[in-house]
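Me: I would like to learn how to read the features of a model with two chains. Please take me through them one at a time.

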Amino acid sequence: MRDGISQLKGLLPGYSPDALRVMGETVTGNTAFTEDAVLSRASVLPALPALAGLLPAGGLAKGSVLTVDRSGLLCLALMAGASAAGAWCGVAGVPDLGVAAAAGMGAEPARLMLVPDPGPGWPQVVASMLEACEVVVVRLPARPPAQARRRLEGVLRRGGGVLIAVGAWEGAWVRLRVTQRSWSGIGHGYGSLRACRAEVVAEGRGTAARPRRCWLWLPAPDGTVTLDETAGVPGVAVRAAW
Amino acid sequence: MRGPAADRPARILAVWCPDWPEEPASRDEARAFGQVVAAVEDFCPVVEVLRPGMCILGARGPARYVGGEDTLAQKIAEAVRARGFGCHTGVADGQFAACLAARAARPRHAALVVPLGGTRQFLAPYPVHALAGAGLAGPLTRLGIRTLGDFAALPARDVASRFGAEGTAAQRVARGQQARRLAVGAPRADLSATVEFDPPADAEPVVFAAKGLAEQMLAALAARGLSCVRVRVEVAGADGQESARLWRHDGLLSALAVAQRVRWQLDGWHPAPAPPTAPAPPAAPEPPATAAAPSAGPGETGAPDGESPGGIASLRLVPDQLVPGEGRQLGLWGDDLVSDQVERAAVRLQAMLGHEAVTHPVLAGGRGPGERAVLVPFGDVRDARLPADRPWPARIPPPDPATVYPVPLPADVIDAVGAPVTVTGRADLSAPPDALTAGSGPWLAITAWAGPWPVTERWWDQPNATRRARFQLVTEDGTAWLAAIERGRWQIEARYD
């Protein structure tokens, strides 16, 4: 038991032994602490519940690369779950990040590190950020050099961080994109944007090879992200709520 | 040395220049404050800078020389004003009261002198928030203790048992006493920390090294059970020039705080450390306050403008005014470990990219999306100038956009016949918008829209006034935009995607 904790401490720097024991008890459901259960849970960072169905592990698998098509709300939502659970998040190369929107989904601004312009040495910057942050979002240049990609993948494997890349990344674990969206609450000259119903598709490799798709409220009227319960029920019109 | 006299802090004179903002200043502002310090140093060589915009000095000696505290306060204020800066001075027992006295002098007088022993009475009407941090002021307010007078009247023993060392120090200040008793006797061992740069270095690596050096110095102090409230920063250039300045901090100095003060001092010393700038224009970018200033000679710290003295050869930190270290409570869940790791990474990135390139956001208040967050350089502590938890009538209703352009994108919006859409002074629309192009993007048909929402902000402050009408537009690709028209020109402020 003592060994288990000290071993975990190496894997989860920054958590106190008490936190680890509580985590072990929570995961296993009893006070007989088993390391395996904690380790399997500890290898995944939590994601928002609405996104869990899209991700093969139910969360962000440590050491993996996820891609999103643009740095929109979906990208912020991926980060928000881990941030709300206490992780530090870094964002590189996104000077136009909507901090208020990220905070609305649960991200904690006090645990965000932003490098709006990492410059040509962005792989080095991202590698440095991965030492401190469990999740790093980076907007890639048009063609990221293969060498930089391999180097960062090595950093991820060793350090156990998660990289969310905005753009294309060959061999990414999961690729997420928004295929359709429709806004409600706004008409022709009246109302205001209120909520958006969006279809998100996740593809990838390995266990993620089978494409998963689902309809989300991205965002819901209160700024959060939730599953769209009306999806799949044909003929349910989304009422313009105003 | 018993009795009240031993408890009473020294008479302090505070010099406050309202032209400098409350928050830690930019490097231009830190540099310009050197002129104020130079003016004050004509009266007393030992000037402690609290932050650009505020400095203090011991009033007793100089007051005896010029013939009274009133005269001294007036003369210093006049001397600074003669250099073209707004200035108020205040004299009281202790630094906190002196700073408040300088502010209280503001509307009508140049100087305000709180008589000897009258400090407690002077402080009594101020709210407890003026003195204590949120951790102390919140509980006190809830207990019904709203002013410093009420706080000072509480039994000291009860304050100590409920609020600990921090509460005791705060109450001593509210009573016009010294916050912490100074550690008796000068330190026997040399507790300073020095680093040499070979070859001489620029400002950026020196600040980077300063943090490590400060940690080393604080660790040496902590090993002796001490911490310091004042530090002397001595910098020597490769050409033999030296700059030394005392920096004081309201709380106890942390390693990051020391590094920030080293940065301020270097900014004031080397006129243009940034390589792209041509040989240092003497009065190039300075805050508005100095624009009208007569060009004062460089202060005592100043290397002559335009000279590029081959970098900095050594940096020395000397702890000054030691107080007993009271330690601090570590976080329960090991938060400190994490933030330590994050801090190290941030400092490394700052050494690579520059101090202001690594930021963390602070939520702020405002009507437009661009005003909702302020980016603060990592390591600086700064509150948002406009608090987020106030009502902001006419703000854009939620949800918040995921993409907020730091500089709005130019855009064009046309109606069904292809004419640009305009908004009249009475917020009437020329025609419903039909298509949008943002930046250099393609034309997109508009499928839904709302607006115009007119906003007139800061009309009393012409250079910063805005008068615009905002719209939300949804285009055929499912993207929603926050657009605004100002002076007939369309721009995109944010994107909902």
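Confidence and contacts

Reply: Chain A has an average pLDDT of 80, and 77% of its residues score at least 70; pLDDT is the predictor's confidence in each residue, from 0 to 100. This is a predicted model, in which local features need pLDDT of at least 70 and side-chain atom pairs count only at pLDDT 80 or more, while totals for chains, interfaces and linings use all residues. Residues are numbered from 1 along each chain as its sequence is written, chains are lettered from A and ligands numbered from 1 in the order in which they are written, and side-chain values use heavy atoms, with hydrogens and water left out.

Me: Over which residues of chain A does pLDDT stay under 50?

Reply: Where pLDDT is low, the predicted coordinates should not be read in detail. In chain A, residues 27-40 stay under 50, and the model has 18 contacts beyond four places in sequence for them; contact means heavy atoms within 4.5 Å. Residues 233-242 of chain A are also below 50, with 10 contacts beyond near neighbours in sequence.

Me: What is the mean pLDDT of chain B?

Reply: The mean for chain B is 78, with 80% of its residues at 70 or more. Its residues 271-308 stay under 50 and have 45 contacts beyond four places in sequence in the model. Residues 328-338 of chain B also stay under 50, with 13 such contacts. For the model, ipTM is 0.79 and pTM is 0.59.

Me: How many residues does each chain give to the contact between chain B and chain A?

Reply: Chain B gives 47 residues and chain A gives 44. About 3800 Å² is buried between them, and carbon and sulfur atoms give 65% of that area. Buried area is the accessible area (1.4 Å probe) that two parts lose on being put together, summed over both.

Me: How many salt bridges does the rule find across this interface?

Reply: Side chains of opposite charge can pair when their charged atoms come close. The rule asks for a side-chain nitrogen of Lys or Arg within 4 Å of a carboxyl oxygen of Asp or Glu. Across the interface of chain B and chain A it finds one. B:Asp497 pairs with A:Arg70, and the closest N and O atoms are 3.3 Å apart.

Me: How many salt bridges are there over all chains?

Reply: The count over all chains is 16. One of them joins A:Arg177 and A:Glu203, at 3.5 Å from N to O. This pair links distant parts of the chain, 26 residues apart: A:Arg177 is in strand 8 (residues 174-186) of chain A and A:Glu203 in strand 9 (residues 191-204) of chain A. Helices (H or I, at least four residues) and strands (E, at least two) are DSSP runs, numbered from the N terminus.

Me: At what angle do the axes of helix 7 and helix 8 of chain A cross?

Reply: Two packed helices are described by the angle between their axes and the distance between the axes. The axes of helix 7 (residues 122-132) and helix 8 (residues 146-159) of chain A come within 10 Å and cross at roughly 5°. The two helices of chain A are therefore roughly parallel to each other. Axes are lines fitted to C-alpha atoms, for helices over the stretch in contact, and angles run from 0 to 180 degrees between N-to-C directions; under 35 degrees counts as roughly parallel, over 145 as roughly antiparallel, 65 to 115 as roughly perpendicular and the rest as oblique.

Me: Where is the cis peptide bond that involves B:Pro199?

Reply: Most residues other than glycine have a negative phi, and most peptide bonds are trans. The bond from B:Asp198 to B:Pro199 is cis, with omega near 5°, and B:Pro199 is in strand 6 (residues 193-201) of chain B.
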